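Biologist: Can we walk through this one slowly? I'd like to hear the reasoning behind the labels.

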Amino acid sequence: MRNVFGTIRQLAAAIIGTIGLAACGPDKDTMRFEGKLQNIRQAEFYIYSEDNPAIGFDTIHISGGQFTYEKKLDRPTVLTLLYPNFSKTYIVAEPGRTIKMKGDAAKIGEAEITGNEDNKRLTEFRQRMFSQPAANMKPAAAQFVRDNAATLSATAIFLQVFAELRQPDTRYTDELLQVLKKAQPKAQFIKDLEQRLLPLSKTSEGKSMPAFNITTTTGATLSASACQGTPLLLVFWASWNYDSYSLLRQAASLQKRFAPKLQVVALSFDTDKSAAARQIKDAAPDLTLVCDGKGFDSPHAETFAVNNIPGTMLIDAKGKIIARDLLGKQLDDRVQALF
């Protein structure tokens, strides 16, 4: 009988200990992220950070509508949640703190995220903007950044609304970067963002085309000054990018329709020159090809501020950039409007 009672006492102690551990927060150098979502059983999404390499790129698994994720963290950090539909939510994690997510999986962007003041502000902003016209987003986001510039929630909103754009809106980005730098003078990530976005700002719509001298695969030299007088379409692509093939075909069709009134240059970011040559021969043999084999380490990537492919830059006869990164029908219509 004593053995039975002893066993019962041991089991009770184990259960109490387990409950106690479950009730405890994460270690002081660890962040915890817990979620409870309705209308979903099994799924997964991704979590990563643009400014903290220690986070890496992880998968969060949802089971029975719930998940728990822990990660060592050396400082407060903005994290990105990437969902299967490619939408994103930005949250702020802190060492020793637990973030909680609650909501409907079908309306994941409106989920309530708590755990610190930054996430409270972010949740309130997201939920408020869901009932607003899309045109209100940028002005409201800009004001949020100004009002909370010293916080990581401001960094998160800047990332979500302004830094994710392939073509940043210079009406806001230049000013807001300075606001963030002043409020967070030690934040290296803000300086990195500025370095990434500044070239895009200089090559945005309405700006003059950058000075350049590029050599084609036939040995000819093209310069900005020599290209003035005739509209120029630059096509940014790579043979390993699936969508580049259709863009090359479209560019070839535009050149055929509008030559010699339109110049088209296909600027490849391949590291394999022969792969670029094979692709251009198959898709658009009449296009002028530029490929130095340096991929995104090419100086052309910096000159034309190319961060994504496929992409385009349309320059009018006076040397002014009139469109960036148009594809498909939008590109056709914009080129047509030149003639």
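Biologist: Which residue takes a positive phi in the hairpin of β14 and β15?

Modeller: That's Gly-319, with a phi near 90°. The hairpin has five residues between its strands. Keep in mind that this is a predicted model.

Biologist: How do you know that β14 and β15 pair?

Modeller: Two strands count as paired if there are at least two bridges between them. Strand β14 (residues 311-315) and strand β15 (residues 321-324) are joined by three bridges, so they pass the cut-off of at least two. They run antiparallel. You can spot Ile-315 opposite Ile-321, and Met-313 opposite Arg-324.

Biologist: What makes β13 and β15 edge strands?

Modeller: Each of them pairs on one side only. The open sheet has five strands in the order β13-β12-β11-β14-β15, with mixed pairing. From one strand to the next, the twist averages 20°.

Biologist: Which helices lie across β11 and β14?

Modeller: Helix α8 (residues 244-258) lies across β11, β12 and β14, at about 165° to β11. Helix α11 (residues 328-336) lies across β11, β14 and β15, at about 10° to β14.

Biologist: Why is Arg-32 called buried?

Modeller: Buried means under 20% relative accessible area. Arg-32 has 11% relative accessibility, so it counts as buried.

Biologist: And why is Glu-34 called partly exposed?

Modeller: Partly exposed runs between the 20% and 50% cut-offs. Glu-34 comes in at 24%, so partly exposed is its label.

Biologist: What makes the contact of Arg-32 with Glu-34 a salt bridge?

Modeller: The pair needs a side-chain nitrogen within 4 Å of a carboxyl oxygen. The closest N and O atoms of Arg-32 and Glu-34 are 3.8 Å apart, so the pair qualifies under the 4 Å limit. Both residues also belong to a salt-bridge network with Glu-70.

Biologist: How do you know that Glu-175 and Arg-146 link distant parts of the chain?

Modeller: Their side chains meet in a salt bridge at 2.8 Å, N to O. Glu-175 sits in helix α5 and Arg-146 in helix α3, 29 residues apart. Glu-175 has 33% relative accessibility, so it counts as partly exposed. Arg-146, at 31%, is therefore partly exposed too.

Biologist: Why is helix α4 called mostly covered?

Modeller: Eleven of its twelve residues are buried, among them Leu-152, Phe-158 and Phe-162. What covers those buried residues includes β5, β6, α2, α3, α5 and α6.

Terms used
Residues numbered from 1 in each chain as written. Predicted model: local features only at pLDDT ≥ 70, side-chain atom pairs only at ≥ 80, totals over all residues. Heavy atoms only, no water. Helix = DSSP H or I, 4+ residues; strand = E, 2+ residues; numbered from the N terminus. Axes fitted to C-alpha atoms, helices over the stretch in contact; angles between N-to-C directions. Contact = heavy atoms within 4.5 Å. Buried < 20%, exposed > 50% of the residue type's maximum accessible area, 1.4 Å probe, protein only.
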